Amino acid sequence: MSEKIAILTLTKTSYELGENLKKSFDETEEVTIFGLEKHVTEDAKIYLDNKFSRGFSESFKNFDHLICIMATGIVVRHLAPLIQDKRHDPSVIVMDEKGQFVISLLSGHIGGGNELTRRIADNLNAQAVITTATDVQNVTAIDSLAKSINGWYENFKETTIRVNGLLAAHKKVALLDEEKRITDIRGLMKIDNLTEEVMSEFEAIIIVSTKKIETIAKTSYQVVPRLFVLGMGAKKNTPLSVIESEFETFCEQHQIHPRSIKKIVSIDLKKEEQGIIDFSKKLEVPFEIFTKEELEESSLKYPQSEFVKSIVGIGNVALSSADYATGGQVLTDRYGNNGVTFALGKD
């Protein structure tokens, strides 16, 4: 799904620049331009109640990127009460209405603001203004690195400050990436093992892996790529604690990190199953459902349960859901215990 971009304007001049900027994006990108009623054309949106403050708040909630063509001070004043968490806030970019400078103001790394700022500056022949320390020092950042692989890491705020601080200071930071998923390795030194001799040479080590590492050194930080689709079924009213316990066993059996799941899938009859809903929130991943009709063909590839069929209309749920969601790329057999079933897929 493409990211949603809002261009916010206040004056006639800024609106005209916004129109030119919108034309510089690819037609497949979802770009909406906003302005006051007296300036906009039919293709643009008017701010809610024709008030910029209302429009700014709505755009902050509903878009991935805000490009504000106006004074930085105006943006800062409206932005301050809305900022929550850099993992979830949209990126905010500010431009002057002559299009001379493009400033990455908020969520430059994980929100993608720095990358979009550079792109806009290139398209408009403007000056990009980026102030994040790692970018200024021309090194990568752990949050940018994780974003590039849809990765997760523990203690986001503390780890980001620690590792990015070391990188910006040009300290020795290593990267262990057996699957070679990371392409931006500026400031990192590649290693291929975690022997004590190797580890002693570095102030921090970033490990990229979907495997559960039981014991990890204090100076090491695992980034887990979220790659797998988890097909899932559960008896009605199965508690979250039971689901979590069974999932832990499932992960141990298949040697995967629990955070390597990118989404949970199941049949639509389970759409209001609270245990599954809570489990998806705990893993911070989407929960998607499919109809019996959609899953029927996939279900026939796998062992059938007459009991399950009598309840939901097809002979299996976890396997057929994983199969349907991944186009047949199912990696495991069905796991079932205590009324919970899992199957892993990868699309």
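Leaving out neighbours within four places in sequence, Glu 273 touches Lys 235, Lys 236, Asn 237 and Thr 238. Hi everyone, I wanted to open with that one residue. Before I go on, please keep in mind that what we are looking at is a predicted model.

So where does Glu 273 sit? You will find Glu 273 in a loop, with β14 (261-267) before the loop and α10 (274-283) after it. And is Glu 273 buried or exposed? Its relative accessibility is 8%, and anything under 20% is called buried, so Glu 273 counts as buried.

Let's step back and look at the whole chain. The protein chain is split into domain 1 (4-131), domain 2 (142-225) and domain 3 (228-346). If you take the C-alpha centres of domain 1 and domain 3, they are 40 Å apart. There is also an annotation from UniProt, in an unreviewed entry, which reads "domain: Cobalamin synthesis G N-terminal" and covers residues 56-135. That span of residues 56-135 is 38% helix and 24% strand, and its end C-alpha atoms lie 28 Å apart.

Now let me take you to one helix, α4. Why does its length agree with what a helix should have? At 1.5 Å a residue, the 12 residues of α4 should span 16 Å, and the end C-alpha atoms are indeed 16 Å apart.

Which residues of α4 are buried? They are Gly 113, Asn 114, Leu 116, Thr 117, Ile 120 and Ala 121. These residues cover an arc of only 160° around the axis, so they are on the same side of α4. Here is a handy thing to remember: an α-helix has 3.6 residues a turn, so residues three or four places apart point the same way.

What do the buried residues of α4 pack against? Their partners are α1 (12-24), β4 (65-69), β5 (91-95), β6 (101-106), β7 (127-129) and α5. Turn to the face of α4 that looks away from the buried side, and you meet the exposed residues Glu 115 and Asp 122. Just after α4 comes Asn 125, with a positive phi of about 55°.

My last topic is charge. Side chains of opposite charge can pair when their charged atoms come close. How many salt bridges does the structure hold? The number is 15, and I'll show you a few of them.

One involves α4 again: Arg 118 pairs with Asp 135, and their closest N and O atoms are 2.5 Å apart. This pair links distant parts of the chain, since Arg 118 is in helix α4 (residues 113-124) and Asp 135 is in helix α5 (residues 133-136), 17 residues apart. Arg 118 is partly exposed, with a relative accessible area of 36%, whereas Asp 135, at 17%, counts as buried.

Another salt bridge joins Lys 282 and Glu 244, at 3.0 Å from N to O. Here, too, distant parts of the chain are linked: Lys 282 is in helix α10 and Glu 244 in helix α9 (residues 240-254), 38 residues apart. Lys 282 is partly exposed at 46% relative accessibility, and Glu 244 is partly exposed at 26%.

Finally, Glu 293 and Lys 292 meet in a salt bridge of 3.6 Å, N to O. Glu 293 counts as exposed at 54% relative accessibility, while Lys 292 is partly exposed at 27%. Thanks for listening!

Key
Residues numbered from 1 in each chain as written. Predicted model: local features only at pLDDT ≥ 70, side-chain atom pairs only at ≥ 80, totals over all residues. Heavy atoms only, no water. Helix = DSSP H or I, 4+ residues; strand = E, 2+ residues; numbered from the N terminus. Buried < 20%, exposed > 50% of the residue type's maximum accessible area, 1.4 Å probe, protein only. Contact = heavy atoms within 4.5 Å. UniProt positions renumbered as here; feature names shortened; annotations may be inferred. Domains from an automatic or database assignment. Salt bridge = Lys/Arg side-chain N within 4 Å of Asp/Glu carboxyl O. Expected span 1.5 Å × (residues − 1). Arc of directions from axis to C-beta.
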